[in-house]
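Please open the structure in a viewer and set the display so that side chains can be selected by residue number. The tour proceeds by selection, with a short account of what is found at each stop.

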Amino acid sequence: MQSGGIQPCTMLLPWLVLLFLVYLMPCLRWDVAFIGYWVFGNGVDDNILLTLHRPTWLIATTNIFVVAHVIGSYQVYAMPVFDMIEAYAVKSLKYNPSTLLRVCVRTVFVAFTLVVGMTIPFFGGLMGFFGGFALAPTSYYLPCIIWLIIKKPRRFGLSWCTNWVSLPELVNIIMKFTYTRCLHQTNQ
């Protein structure tokens, strides 16, 4: 197939963008966390948008960004569950794999999680707990372990030591945040 003289994309540019974003996102999140704590202190609800009252344009814009973020992250974290339910429906229940099946399964799953989230009155407190025990491991220390398994760096080299030293520290931080969150919920 003729490319028209355009060079094919190499992996260097996407890799550099990925590295840039991996280092940029924690910096942005820590800045927001520190500035938010400096401005509001401990007087912030679980949902910070309930704490704010003015300006309305900022609250509306933030709500739009929150909806976009939740939809995107929900799709990423729920994709394995979608695949598992669809595979069960096709293999065990003998449904034909189709777009209609995917739409129905995903709609029912989203409606189910919505009802569960609305009926549990302490859902905000549970989110801190689940974030500490479920989402943080998949975002922070499982990638280190997977990298060690796939790349197999030289034993006791810089990369090997950095990953193995950071794993217990990440687990320690996650446990502290989860404990603090649960303690904060019991004091309210």
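The stops below concern a surface patch, a set of charged side chains and a single serine. The model is predicted.

**First stop: the nonpolar patch**

Select Leu12, Trp15, Leu16, Leu18, Leu19, Val22 and Tyr23, and display their surface. Together these residues make a nonpolar surface patch of about 730 Å². Now restrict the selection to Leu16, one of the residues of the patch. Leu16 belongs to helix 1, which covers residues 12–40. Is Leu16 buried, partly exposed or exposed? With a relative accessibility of 46%, Leu16 counts as partly exposed, because that class lies between the limits of 20% and 50%.

**Second stop: the salt bridges**

How many salt bridges does a search of the whole structure find? The search finds two. Side chains of opposite charge can pair when their charged atoms come close.

Select Arg102 and Glu86, and show their side chains. The two meet in a salt bridge, with an N to O distance of 3.5 Å. This pair links distant parts of the chain: Arg102 is in helix 4 (residues 99–119), Glu86 is in helix 3 (residues 56–91), and the two are 16 residues apart. Their accessibilities may be inspected next. Arg102 is partly exposed, at 41% relative accessibility, whereas Glu86 is buried, with a relative accessible area of 10%.

Keep Glu86 and add Arg106 to the selection. The side chains of Glu86 and Arg106 also meet in a salt bridge, here at 3.1 Å, N to O. Glu86 lies in helix 3 and Arg106 in helix 4, so this pair ties together parts that are 20 residues apart in sequence. Arg106 counts as buried because its relative accessibility is 17%, and the limit for that class is under 20%. With Glu86, Arg102 and Arg106 displayed together, one network can be traced, joined by salt bridges that share partners.

**Third stop: Ser159**

Select Ser159, which lies in helix 6 (residues 158–187). Ser159 is partly exposed, with a relative accessible area of 36%. Which residues is Ser159 in contact with, leaving aside its neighbours within four places in sequence? The contacts are with Trp147 and Pro153. Finally, add Leu148 and draw the C-alpha to C-alpha distance to Ser159: the two residues are 8.8 Å apart in space and 11 residues apart in sequence.

Notes: Residues are numbered from 1 along each chain as its sequence is written. This is a predicted model: local features need pLDDT of at least 70, side-chain atom pairs count only at pLDDT 80 or more; totals for chains, interfaces and linings use all residues. Side-chain values use heavy atoms; hydrogens and water are left out. Patches are made of residues with over 30% relative accessible area and no salt bridge: like charges are joined within 9 Å, nonpolar side chains (Val, Leu, Ile, Met, Phe, Trp, Tyr) within 5 Å. Accessible areas come from the Shrake-Rupley method with a 1.4 Å probe; for residues, only the protein chains shown count as cover. A salt bridge is a side-chain nitrogen of Lys or Arg within 4 Å of a carboxyl oxygen of Asp or Glu. Helices (H or I, at least four residues) and strands (E, at least two) are DSSP runs, numbered from the N terminus. Buried means under 20% relative accessible area, exposed over 50%, partly exposed in between (1.4 Å probe, protein chains only). Contact means heavy atoms within 4.5 Å.
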